[in-house]
Amino acid sequence: MSKWLPIVLGVLLILVGGVWTGQGLGYITGSFMTGERLWTSIGLVCVAGGIVLIIWAARRRRT
C-alpha cells in the first residue's frame with residue numbers, strides 16, 4: 001500500500017491542480033476562484049508537484 005500512496009497523491013494533486021487552473025483561467029465557472037490569477041498559479045504549482053511526486057515514486061519503485 002505504501003508503494004502506491006505517492007502515486008495516488010500525485011494523481012490527486014494533478015486533478016485538483018487542473019480544476020484550480022481551469023477555474024483561475026475562467027474555463028470552469030461558478031466559484032469564487034473563477035477568473036482569479038492566484039488560483040491559476042496555485043493550480044499550476046499543484047500540477048507540477050503531482051508530476052514530480054509521480055516521477056519520484058516511479059523511480060523509487062524501480063530500485
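Let's start with residues 37-58. Over that stretch the chain is 100% helix and 0% strand. The end C-alpha atoms of the stretch are 32 Å apart. Keep in mind that this is a predicted model. UniProt, in an unreviewed entry, annotates residues 37-58 as "transmembrane region".

Now the helix itself. Helix H2 covers residues 37-62. How far apart should its ends be? At 1.5 Å a residue, the 26 residues of H2 should span 38 Å. The end C-alpha atoms of H2 are 38 Å apart, so the model agrees with that expectation.

Which residues of H2 are buried? Trp39, Thr40, Gly43, Cys46, Gly50 and Ala57. What do they pack against? The buried residues of H2 pack against H1.

So look at H1 next, residues 5-25. Take Thr21, which lies in this helix. Thr21 counts as buried, because its relative accessibility is 12% and the cut-off for buried is under 20%. Leaving aside residues up to four places away in sequence, Thr21 touches Trp39, Thr40, Gly43 and Leu44. Trp39, Thr40 and Gly43 are also among the buried residues of H2.

Leu9 is in H1 too. Is Leu9 buried or partly exposed? Partly exposed, because its relative accessibility is 41%. Leu9 also belongs to a nonpolar patch on the surface. The other members of that patch are Trp4, Leu5, Val8, Val11, Leu12 and Leu15. Together, the patch residues have about 650 Å² of accessible area.

One general point on helices. An α-helix has 3.6 residues a turn, so residues three or four places apart point the same way.

Definitions and conventions:
Residues numbered from 1 in each chain as written. Predicted model: local features only at pLDDT ≥ 70, side-chain atom pairs only at ≥ 80, totals over all residues. Heavy atoms only, no water. Patch = residues over 30% accessible without salt bridge, like charges linked within 9 Å, V, L, I, M, F, W, Y side chains within 5 Å. Areas by Shrake-Rupley, 256 points an atom, 1.4 Å probe, with all protein chains shown as cover. Salt bridge = Lys/Arg side-chain N within 4 Å of Asp/Glu carboxyl O. Helix = DSSP H or I, 4+ residues; strand = E, 2+ residues; numbered from the N terminus. Buried < 20%, exposed > 50% of the residue type's maximum accessible area, 1.4 Å probe, protein only. UniProt positions renumbered as here; feature names shortened; annotations may be inferred. Contact = heavy atoms within 4.5 Å. Expected span 1.5 Å × (residues − 1).
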